[in-house]
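Please open the model in your viewer and keep the selection panel at hand. The stops below are meant to be followed in order, each beginning with something to select.

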Amino acid sequence: MLISIVTLNYQKKELTIACLHSLWEHFAMELQNNTMEVIIIDNDSQDDSVAAILEEIRQKKFTNMRVIANSSNAGFGAGCNKGAAVATGKYLLFLNNDTVVKDTGFVKMAQYCDSHPEIAILGGQLRNGDGSLQASTGKFYTPLYASLLLFGGQRFGILDKSPKTIQKTDWVKGALFMIRKEIFEQLGGFDENIFMYTEDMELCYRAHLAGKQTYFYPDIMVVHKDHASTSKTFAIVNIYKNLSYFYKKHRSPGEQHYLKFLLRTKALTMIKVGKMFGNRYLIETYEQALKVVG
């Protein structure tokens with residue numbers, strides 16, 4: 001088995017089914033000849049997701065696709081780890097369920113890794129619905145880049161980018177994340193203390209500390225409906241929580257205090273702006289974020 005694709009579902013069966021259809025459209029041969037498999041982890045959806053996805057697989061006669069139903073939702077990383085544990089591919093490809101595959105680039109990515117053994121992790125280019133490039137790589141959130149993240153650096157392309165050539169990078173987005181299975185196991189998989197968001201950056205950071213290299217591969221077409229599976233408030237609160245955790249795990253006490261100052265300053269500023277303009281969303285979102293920081 002060359003590639004094991006792992007995708008998660010949580011009460012978004014329509015997105016997941018659309019993703020599966022796109023995979024079958026471009027990789028039917030690989031799925032039929034055991035070059036590729038697709039593992040769908042359902043994170044305890046409280047609807048008929050599992051039954052609906054299984055029925056779609058049965059009706060369309062999709063081969064080498066299976067569903068594993070979790071009895072609880074322990075988050076993105078934990079779900080991915082469960083899929084990786086049963087995967088048989090040389091390469092693991094973590095793929096968001098809110099993606100639609102438009103070409104056969106995954107095979108090219110694996111072949112590129114085969115010819116470049118120094119690469120441990122390989123990310124691919126994501127696109128918006130209109131075909132424009134979606135930032136697919138990032139800088140590690142050191143104090144400088146954490147400051148830029150919190151105060152608008154992403155708007156100017158300072159943090160997250162989409163290089164036009166194959167090149168080494170700090171980290172790649174977890175929405176399309178290929179890693180050698182043996183390396184994934186050596187690193188201990190995704191950190192399950194991170195429920196969702198920044199788990200991709202944190203895993204690449206551990207790979208970096210272990211001397212492993214992460215690269216970006218642009219020659220691929222995958223549309224990503226960014227944040228289609230979660231709310232913006234959920235994303236912001238979890239980013240606050242996970243940045244704090246990342247600093248406690250990997251950075252110095254002084255840097256931890258600095259990050260806390262940044263997070264509190266950003267939250268208090270946004271709450272003030274929300275009150276000035278009567279924006280309940282800003283007030284409620286950043287009040288939740290402030291509670292996470294303490």
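## The loop between H6 and H7

Begin by selecting tyrosine 197, which is buried because its relative accessible area is 14%, under the 20% cut-off that applies here. This is a predicted model, and in it tyrosine 197 belongs to the loop between H6 and H7. Its phi lies near 85 degrees, a positive value in a residue other than glycine.

Phenylalanine 195 should be selected next, in the loop that runs between helix H6 (181–187) and helix H7 (199–209). Is phenylalanine 195 buried or exposed? The answer falls in between, since a relative accessible area of 27% makes phenylalanine 195 partly exposed. If you display what surrounds phenylalanine 195, leaving aside its neighbours within four places in sequence, you will find contacts with Asn73, Ala74, Gly75, Phe76 and Gly77, and also with Phe234, Asn238 and Asn242. For a distance across the model, pick the C-alpha atoms of phenylalanine 195 and glutamate 287, which are 92 residues apart along the chain and separated by 20 Å.

## Strand S1 and the loop after it

Move now to serine 4, which is found in strand S1 (residues 3–9). Serine 4 counts as buried because its relative accessibility is 0%. Apart from neighbours within four places in sequence, the contacts of serine 4 are Glu37, Ala87, Thr88, Gly89, Tyr91, Leu92 and Leu93.

Glutamine 11 can then be picked in the loop between S1 and helix H1 (13–32). Its phi is near 55 degrees, which is again a positive value in a residue other than glycine, and with a relative accessible area of 30% glutamine 11 is partly exposed.

## Strand S6 and its partners

Select residues 119–127, which make up strand S6, a mostly covered strand in which nine of nine residues are buried. Which strands should be coloured alongside S6? One of them is strand S12 (residues 213–224), paired with S6 in the parallel sense over seven bridges, and here glycine 124 has tyrosine 217 as its bridge partner. Strand S11 (residues 176–180) pairs with S6 in the antiparallel sense over three bridges, with isoleucine 121 opposite isoleucine 179.

Strand S7 (residues 133–134) is also antiparallel to S6, with two bridges between them, and leucine 126 stands opposite glutamine 134. S6 and S7 form a hairpin with five residues between the strands, and glycine 131, in the turn, has a positive phi of about 90 degrees.

## Helix H9 and the second largest pocket

Turn next to H9, whose 25 residues should span 36 Å at 1.5 Å a residue; the end C-alpha atoms are 37 Å apart, which agrees. Its buried residues are Leu259, Leu262, Leu263, Lys266, Ala267, Met270, Ile271 and Gly274, and they pack against helix H5 (143–150), H8 and H10. Just after H9, glycine 278 takes a positive phi of about 65 degrees.

Finish at the second largest pocket, which has a volume of about 220 Å³. To outline it, select Lys241, Ser244, Tyr245, Tyr247, Lys248, Gln256, His257, Leu259, Lys260, Leu263, Val292 and Val293, the residues of its lining. Two or more lining residues come from each of helix H8 (232–250), helix H9 (253–277) and helix H10 (280–293). If you colour the lining by residue class, it divides into six nonpolar, three polar and three charged residues. Leu259 and Leu263 belong to this lining and are also among the buried residues of H9.

Definitions and conventions:
Residues numbered from 1 in each chain as written. Predicted model: local features only at pLDDT ≥ 70, side-chain atom pairs only at ≥ 80, totals over all residues. Heavy atoms only, no water. Buried < 20%, exposed > 50% of the residue type's maximum accessible area, 1.4 Å probe, protein only. Helix = DSSP H or I, 4+ residues; strand = E, 2+ residues; numbered from the N terminus. Pairing = 2+ DSSP bridges. 1 Å grid on protein atoms, 1.4 Å probe; cavity = no way out; pocket = protein on both sides within 12 Å on 5 of 7 lines; lining within 4 Å. Points joined across faces, edges and corners; volume = space filled by probe spheres on them. Nonpolar A, V, L, I, M, F, W, Y, C, P; charged D, E, K, R; others polar. Expected span 1.5 Å × (residues − 1). Contact = heavy atoms within 4.5 Å.
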